[in-house]
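The exercises below each set a task and then work through it step by step. Look over the sequence and the structure before starting.

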Amino acid sequence: MIAAQSVAGRIAYRDAQGQDIGHETFELLTLPGGHLLRAWCELADAGLWREVSLAMDESWRPRDGACRLWHADGRQHAMAFRIEDTAVHVGALRDGMALAPQRISTTGRLPYLGLHPLMGDALIVHERGQHEPGRFLPIPAVTNAVSPDGESEGPAQAMVIEAAYMGPVDRSVAAGRFASWHYRLRWRDDWPAADLWVRQGDGVFLAMTWSLTGHSYELVDLHDETKVI
């Protein structure tokens with residue numbers, strides 16, 4: 001028999017007026033040999049559905065991932081990522097048609113793959129850690145899209161995300177009250193940093209605010225369990 005730790009949750013997306021504009025459901029599994037994230041995002045304001053799968057090793061570094069975007073006007077886009085020690089290989093489909101494959105060179109193994117679910121954003125804290133509080137440190141990444149909602153359709157590109165650990169704090173969200181770590185994330189120099197709170201220990205997403213869009217995000221439901229197969 002094999003035991004796997006499962007963390008399943010739901011995140012509410014809200015606009016500047018506090019109105020619900022979408023949600024995300026996710027499951028984060030700790031399995032023999034690593035971790036697996038599965039996420040489903042519905043963004044009413046962007047007219048977008050997003051499906052994400054991300055496999056990581058025991059140190060939370062990505063091994064492979066996939067992202068599917070389905071727009072309200074019927075456009076569809078899918079990308080698959082395979083991570084090697086010196087490169088990320090990307091295959092993509094647009095409306096069922098194959099696009100030219102990409103090879104993105106990396107210096108060493110890629111530490112973070114950003115596919116835009118909020119639970120996926122939170123996973124960057126495992127690479128950033130809690131050392132040098134208050135200082136933004138660069139984290140090399142590859143992403144499917146550099147856009148506020150992740151709604152653009154590629155191509156995939158390398159980028160550097162700056163992350164700062166701000167300290168521990170108790171944080172209350174609709175799903176409960178948790179001992180949390182507070183981080184700030186900056187995806188582009190011309191964008192303000194977003195504030196992120198995650199559960200201490202496993203980095204489960206709790207909340208995020210971002211002045212660029214005025215949107216806020218909050219964990220509204222959470223279930224921890226051990227699954228045995």
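In what follows, Ala, Val, Leu, Ile, Met, Phe, Trp, Tyr, Cys and Pro count as nonpolar, Asp, Glu, Lys and Arg as charged, and the others, Gly among them, as polar. The model is predicted: local features need pLDDT of at least 70 and side-chain atom pairs pLDDT 80 or more, while totals for chains, interfaces and linings use all residues. Residues are numbered from 1 along each chain as its sequence is written, and side-chain values use heavy atoms, without hydrogens or water.

**Exercise 1. Describe the second largest cavity and its lining.**

Step 1. Fix the term: on a 1 Å grid over the protein atoms alone, a cavity is a set of points where a 1.4 Å probe fits but cannot get out, and lining residues have an atom within 4 Å of a point. Points are joined across faces, edges and corners, and a volume is the space filled by probe spheres set on them.

Step 2. Count: there are 2 cavities of 30 Å³ or more. The second largest holds about 80 Å³ of space.

Step 3. List the lining: 13 residues line this second largest cavity, and Trp60, Pro62, Pro111, Tyr112 and Leu123 lie nearest its centre. Two or more lining residues come from each of the elements β4 (48-56) and α2 (125-128). Such helices (H or I, at least four residues) and strands (E, at least two) are DSSP runs, numbered from the N terminus.

Step 4. Sort by class: the lining has 9 nonpolar, 2 polar and 2 charged residues.

**Exercise 2. Compare the settings of Trp60 and Asp95.**

Step 1. Locate them: Trp60 sits in the loop between β4 and β5 (62-71), and Asp95 in the loop between β7 (87-94) and β8 (97-98).

Step 2. Read phi: Trp60 has a phi near 70 degrees, positive in a residue other than glycine. For Asp95, phi is near 50 degrees, again a positive value in a residue other than glycine.

Step 3. Classify exposure: buried means under 20% relative accessible area, exposed over 50%, and partly exposed in between (1.4 Å probe, protein chains only). Trp60 counts as buried because its relative accessibility is 16%, whereas Asp95, at 45%, counts as partly exposed.

**Exercise 3. Find which residues make the nonpolar surface patch of about 300 Å².**

Step 1. Fix the term: patch residues have over 30% relative accessible area and no salt bridge; like charges are joined within 9 Å and nonpolar side chains (Val, Leu, Ile, Met, Phe, Trp, Tyr) within 5 Å. Accessible areas come from the Shrake-Rupley method with a 1.4 Å probe; for residues, only the protein chains shown count as cover.

Step 2. Name the members: Trp40, Trp49 and Trp70 make the patch.

Step 3. Place one of them: Trp40 lies in strand β3 (residues 34-43) and, at 33% relative accessibility, is partly exposed.

**Exercise 4. Examine the salt bridge between Glu51 and Arg68.**

Step 1. Fix the term: a salt bridge is a side-chain nitrogen of Lys or Arg within 4 Å of a carboxyl oxygen of Asp or Glu. The whole structure has 16 salt bridges.

Step 2. Read the distance: the closest N and O atoms of Glu51 and Arg68 are 3.5 Å apart.

Step 3. Place the partners: Glu51 in strand β4 and Arg68 in strand β5 are 17 residues apart, so the pair links distant parts of the chain.

Step 4. Check exposure: Glu51 is partly exposed at 40% relative accessibility, and Arg68 is partly exposed at 40%.

Notes: 1 Å grid on protein atoms, 1.4 Å probe; cavity = no way out; pocket = protein on both sides within 12 Å on 5 of 7 lines; lining within 4 Å.
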